[in-house]
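These are my notes on the model, arranged by sheet and then by pocket. Please read them alongside the coordinates.

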Amino acid sequence: MAVVISLLRGINVGGHHKIKMDALRALYDSLGLRNAQTYVQSGNVVFETQERDLVRLARKIEDAIERSFGFRPSVINRTPAELKNAIARNPFAKRRGIEPHRLIVAFLAGLPISEARGKALKLKSDTEELRLDEREFYMYFPSGMARPKLTWLTVEKVLQTPATGRNWNTVTKLLEIAEKLEASG
């Protein structure tokens, strides 16, 4: 069985689209996805599956959440190898003083079209630093994320593809969980 990491967009944020993690694990189990493990309350699920088409699997999970909870979050799936690759490509990795909780990786559902990529690469902010790389958009918020000059919605509109962000600590922890699950299988 393959290990997959699901990243759900916009659940349990600001009191909206609430799903308890035990209910989310039960939903994954009902879909035949094995050994589902959640990490924090923001929709991170690591599990095993025989499904190889991760886009089709995301739609299946989205459909099930909509039926069970009455709303449809975007689900973005990554393999441990893809997550490891995203970590290795971190454009801020060699810079000193980067605070992991202020570094966000926005995982994109698909590759942005070239026009959208061009517009995203031109996004500028006096405080935030942005880097687009394949299906990940790296954002560093040196002043914190409470009042960013550049909002998530702006970035997502420009990229024209659904995205969900995770801070660096969460990204590395999800890889650790996924690798442990792979090793146990």
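1. Strands here are DSSP runs of E with at least two residues, helices are runs of H or I with at least four residues, and both are numbered from the N terminus. Two strands pair if DSSP finds at least two bridges between them. The model is predicted, so local features need pLDDT of at least 70 and side-chain atom pairs count only at pLDDT 80 or more, while totals for chains, interfaces and linings use all residues. Residues are numbered from 1 along each chain as its sequence is written, and side-chain values use heavy atoms, with hydrogens and water left out.

2. One open sheet has four strands in the order S2-S3-S1-S4, paired antiparallel. Its edge strands, S2 (34-38) and S4, each pair on one side only. From one strand to the next, the twist averages 25 degrees; axes are lines fitted to C-alpha atoms, for helices over the stretch in contact, and angles run from 0 to 180 degrees between N-to-C directions.

3. Within that sheet, S1 (residues 2-8) and S3 (residues 44-49) are antiparallel and share six bridges. Ala 2 has Thr 49 as its bridge partner in S3. Helix H1 (residues 21-30) lies across S1, S2, S3 and S4, at about 155 degrees to S2.

4. Another open sheet of four strands has the order S6-S7-S5-S8, again with antiparallel pairing. S6 (129-133) and S8 (163-167) are at the edges with a single partner strand each, so one side of each has no neighbour in the sheet. Neighbouring strands are turned by 20 degrees against each other on average, direction ignored.

5. S5 (residues 103-108) and S8 run antiparallel and are joined by five bridges. Leu 108 has Ala 163 as its bridge partner in S8. Helix H6 (residues 168-184) packs on this sheet and touches S5, S7 (136-140) and S8, with its direction at about 90 degrees to that of S8; contact means heavy atoms within 4.5 Å.

6. The second largest pocket has a volume of about 210 Å³. A pocket is an open set of points on a 1 Å grid over the protein atoms alone where a 1.4 Å probe fits, with protein on both sides within 12 Å along at least five of seven lines; lining residues have an atom within 4 Å of a point. The volume is the space filled by probe spheres set on the points. Among the 16 lining residues, Val 55, Ala 58, Arg 59, Val 75 and Ala 109 are the closest to the centre.
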